[in-house]
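These are my notebook entries on a single protein chain. I set down what I looked up, in the order in which I looked it up.

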Amino acid sequence: MNYVSESGHWYTRDGDPAYTYLNNAGEEKKTTLRQARTKSLVPSVTTVIGIADKPGLQHWKALETIRAAQLIQRSHFDDDASYIKSVMWESKRVGKEAADRGTELHAEIERGFKGGPKVAAYCSVMSVLNEIFPDETWLAEEAFCSSLGYGGKIDLCSVAGVFVDFKTKDNLAEKTVNSLVYDEHGMQLSAYAQGKNFLNPERLSIFIDRKDPSIVKHYLWPTESHGRHIAMFKHLLSFWQLKNNYHTNVNTLENTDEH
């Protein structure tokens with residue numbers, strides 16, 4: 001599970017990632033909305049979708065907070081405030097570790113597609129792809145900027161218009177595919193397809209177990225849901241732009257600080 005911060009992820013008008021910038025002291029910092037304004041950057045797909053409520057994520061965060069409260073003994077603290085602070089820190093630590101592991105697995109898969117070692121995560125993904133789309137030519141981590149004013153980096157896509165996204169999960173073997181998928185996953189893939197100018201894409205979500213990447217499950221999105229998902233994303237994009245007074249398209253860029 002990833003938390004979308006105020007900084008978010010940003011892309012240049014040429015489609016290059018611009019996640020960080022150098023401040024006046026030469027220090028590398030995460031790009032913020034204020035910095036994005038000065039560079040005429042566009043928000044990422046996940047930054048836009050991040051403004052919508054995610055019931056699955058909220059449920060997961062609540063469970064981790066409860067687990068942390070059970071793990072940490074109240075008697076070890078002099079006051080409630082210190083105890084609550086420790087519980088919150090522990091729950092966020094678990095979330096960060098999960099996110100870091102997800103990043104690690106994504107990197108392993110990317111290296112496999114770019115000629116590097118073919119480790120378990122890559123082999124598991126390939127087994128799914130060979131079963132469903134055996135004749136595709138794959139491109140890993142393709143970045144883009146859409147004329148609608150957003151950008152992104154796609155886990156995997158094919159020349160013919162198949163879009164694939166990887167999600168990492170715990171205890172995957174115990175879960176059904178239907179319990180794993182949410183509209184936000186379909187929106188993400190549809191936004192990628194829109195950004196690469198594919199009107200009738202194939203969309204595939206692949207779920208990978210964090211501890212045992214040989215365990216994978218997949219969901220092939222119905223083609224008829226693409227229209228609904230791209231419409232949902234466009235409404236979120238409009239809301240994000242209005243909320244932040246930051247409106248972009250291929251020809252113009254308007255960004256007005258809200259006071």
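**Entry 1: helix α7**

I began with burial along α7 and found H226, H229, I230, F233, L236, L237, W240, Q241 and N244 buried. These residues lie on the same side of α7, because they cover an arc of only 135° around the axis. I noted the general background: an α-helix has 3.6 residues a turn, so residues three or four places apart point the same way. I record here that the model is a predicted one.

I then turned to the opposite face of α7, the one away from its buried side, and listed the exposed residues H235, L242 and K243 there.

For the geometry, I noted that α7 spans residues 226–244, 19 residues in total. The distance from its first C-alpha to its last is 27 Å, close to the 27 Å expected at 1.5 Å a residue. What follows α7, and what is the sign of its phi? The residue is N245, and its phi is positive, near 50°.

**Entry 2: S190 and its contacts**

I looked up S190, which belongs to helix α6, residues 183–195. Is S190 buried or exposed? Its relative accessible area is 0%, so S190 is buried. Setting aside residues up to four places away in sequence, I found that S190 touches R203, H226, H229 and I230. Of these contacts, H226, H229 and I230 are among the buried residues of α7.

**Entry 3: nonpolar cores**

I next examined the largest nonpolar core, which has 29 residues. The residues with the most contacts inside this core are W10, V45, Y150, F163, Y192, F233 and Y246. Two or more residues each come from α1 (33–39), α2 (45–49), β6 (151–158), α6 and α7. Apart from this core I found another, of 20 residues, including Y122, L129, W138 and A140.

Y122 came up again in a separate search: the charged end of K118 sits over the ring of Y122, 5.6 Å from the ring centre.

I also checked L33, which is located in helix α1. L33 counts as buried, because its relative accessibility is 13%. Its C-alpha atom and that of Y246 are 9.3 Å apart, although 213 residues separate L33 and Y246 along the chain.

**Entry 4: aromatic pairs**

How many aromatic pairs does the whole structure hold? The search returned 12. One of them joins F163 and F198, edge-to-face, with 5.6 Å centre to centre and 70° between the planes. This pair links distant parts of the chain: F163 lies in strand β7 (residues 162–169) and F198 in the loop between α6 and β8 (202–209), 35 residues apart.

I compared the accessibility of the two partners. F163 is buried, at a relative accessible area of 0%, whereas F198 counts as partly exposed, at 25%. I then entered the pair of Y219 and W221, which is edge-to-face because the ring planes stand at 85°, with the centres 4.8 Å apart. Here Y219 is partly exposed at 21% relative accessibility, and W221 is buried at 6%.

Returning to F163, I listed its contacts beyond four places in sequence; among them are I154, L156, L189, Y192, F198 and L204.

Last, I looked up the ring cluster and found that ring pairs link F144, Y150, Y192 and F233. Of its members, Y150, Y192 and F233 also appear among the residues with the most contacts inside the largest nonpolar core.

Note on methods
Residues numbered from 1 in each chain as written. Predicted model: local features only at pLDDT ≥ 70, side-chain atom pairs only at ≥ 80, totals over all residues. Heavy atoms only, no water. Helix = DSSP H or I, 4+ residues; strand = E, 2+ residues; numbered from the N terminus. Buried < 20%, exposed > 50% of the residue type's maximum accessible area, 1.4 Å probe, protein only. Contact = heavy atoms within 4.5 Å. Phe/Tyr/Trp six-rings, centres within 6.5 Å; stacked < 30°, edge-to-face > 60°. Lys NZ or Arg CZ within 6 Å of the ring centre and 35° of its normal. Expected span 1.5 Å × (residues − 1). Arc of directions from axis to C-beta. Core = buried A, V, L, I, M, F, W, Y, C linked by side-chain atoms within 4.5 Å.
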